[in-house]
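Visitor: I am new to this structure and should be grateful for a close look at one part of it. Please choose a part, begin there, and lead me outward step by step.

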Amino acid sequence: MKRLLYLIILSLAALLISVPAASAQDDVTVSIQDFSFNPGQLTVAPGTTVTWVNEGQAPHDVTSTDGKGLASTTLQPGDDYSFTFGADDAGMTYAYQCTIHPEMTGNVTVSGSDEPSTSPSASASASPSPSASASPSASQSALPDTGGGSLPLLAAGALLGLGILALIAVRRRVA
Ligand SMILES: [Cu+2]
């Protein structure tokens, strides 16, 4: 029973971990405020849909300043505009502004096709190596200590085990 519960908890935890990882590449929202884009600079994976939502009081728009495809209509408060950055946009930066308030600028950089795959593996391979090199030195420094230090620990462990055994014996006698 306990093992089953443990398995259920484990699978639930795995689900919880996998769900945010899957949605990480999904849609991104940029808030249009009076008078800025938030976030103004954004990096997304290819295939990401970015939605600009006018959360300000004034009308705004999203218009490319570098001739690329961003071209919204005038967005009234509450309106939104979406654009999907494709695989062929990898490595490109889209610069844009609000033509009504030209001081409002922003850009979206689409990460390179090999960039998203290398950065997680690089960080994954980088993190175990310092810990792997740290653990042998830790065990080496711990080894001389264990000669003297492990005896009281062993005695404490044995005492604990005896105590538990005694408790079980007492309970059996009572029951
Ligand atoms: Cu504006």
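Guide: Let us begin in the largest nonpolar core, which has 19 residues; the members that touch the most others are Phe37, Trp52, Val62, Leu70, Phe85, Tyr96 and Val108. A nonpolar core is a set of buried Ala, Val, Leu, Ile, Met, Phe, Trp, Tyr and Cys residues joined through side-chain atoms within 4.5 Å. Buried means under 20% relative accessible area, exposed means over 50%, and partly exposed lies in between (1.4 Å probe, protein chains only). At least two residues of this core come from each of β1 (28-33), β3, β4, β6, β7 and β8. These strands are DSSP runs of E with at least two residues, numbered from the N terminus. In soluble globular proteins, nonpolar side chains tend to be buried together.

The model is predicted: local features need pLDDT of at least 70 and side-chain atom pairs count only at pLDDT 80 or more, while totals for chains, interfaces and linings use all residues. Residues are numbered from 1 along each chain as its sequence is written, and side-chain values use heavy atoms, with hydrogens and water left out.

Let us now consider the rings. Rings of Phe, Tyr and Trp (for Trp, the six-membered ring) pair if their centres lie within 6.5 Å; planes under 30 degrees apart count as stacked, over 60 as edge-to-face and the rest as tilted. By this rule there are six aromatic pairs. One of them joins Phe37 and Tyr96, whose ring centres are 4.8 Å apart and whose planes meet at 80 degrees, so the pair is edge-to-face. Because Phe37 belongs to strand β2 (residues 36-38) and Tyr96 to strand β7, this pair ties together parts that are 59 residues apart in sequence. Phe37 and Tyr96 are both buried. Another edge-to-face pair is that of Phe85 and Tyr94, with 4.8 Å from centre to centre and 85 degrees between the planes. Phe85 counts as buried at 0% relative accessibility, and Tyr94 likewise counts as buried, at 5%. One aromatic cluster is made of Phe37, Trp52, Tyr81 and Tyr96.

Tyr96 also leads to a sheet, since it is the β7 bridge partner of Ser64. β5 and strand β7 (residues 93-97) pair in the antiparallel sense over two bridges; strands pair if DSSP finds at least two bridges between them. The open sheet holds four strands in the order β3-β8-β7-β5, with mixed pairing. Its edge strands, each paired on one side only, are β3 (41-44) and β5 (63-64). On the β3 side, four bridges join β3 to β8, and these two strands run parallel. Val44 stands opposite Val110 of β8. Side chains alternate along β3: Leu42 and Val44 point to one face and are buried, whereas Gln41 and Thr43 point to the other and are not.

Strand β4 is the place of Thr51. Thr51 is buried, with a relative accessible area of 15%. The side chains of Thr51 and Ser82 make a polar contact at 2.8 Å; such a contact is a pair of N or O atoms within 3.5 Å, where, within protein, one must be able to donate a hydrogen and the other to accept it, and residues adjacent in sequence count only if both atoms are side-chain atoms. Beyond its neighbours within four places in sequence, Thr51 is in contact (heavy atoms within 4.5 Å) with residues including Val28, Val30 and Tyr81.

From here we may turn to the metal site. His60 (ND1), Cys98 (SG) and His101 (ND1) coordinate the copper ion at 1.9 to 2.2 Å. His60 lies in the loop between β4 (49-54) and β5, and Cys98 in the loop between β7 and β8 (105-110), so the pair ties together parts that are 38 residues apart in sequence. Donors are N, O and S atoms within 2.8 Å of the metal (3.2 Å for Na, K and Ca); water is not among the atoms, so sites may look incomplete. Both His60 and Cys98 are buried.

Finally, Thr73 lies in the loop between β5 and β6 (80-84). Thr73 is exposed, with a relative accessible area of 61%. Residues up to four places away in sequence aside, Thr73 touches His60 and Asp61. The C-alpha atoms of Thr73 and His60 are separated by 8.7 Å, and the two residues are 13 apart along the chain.
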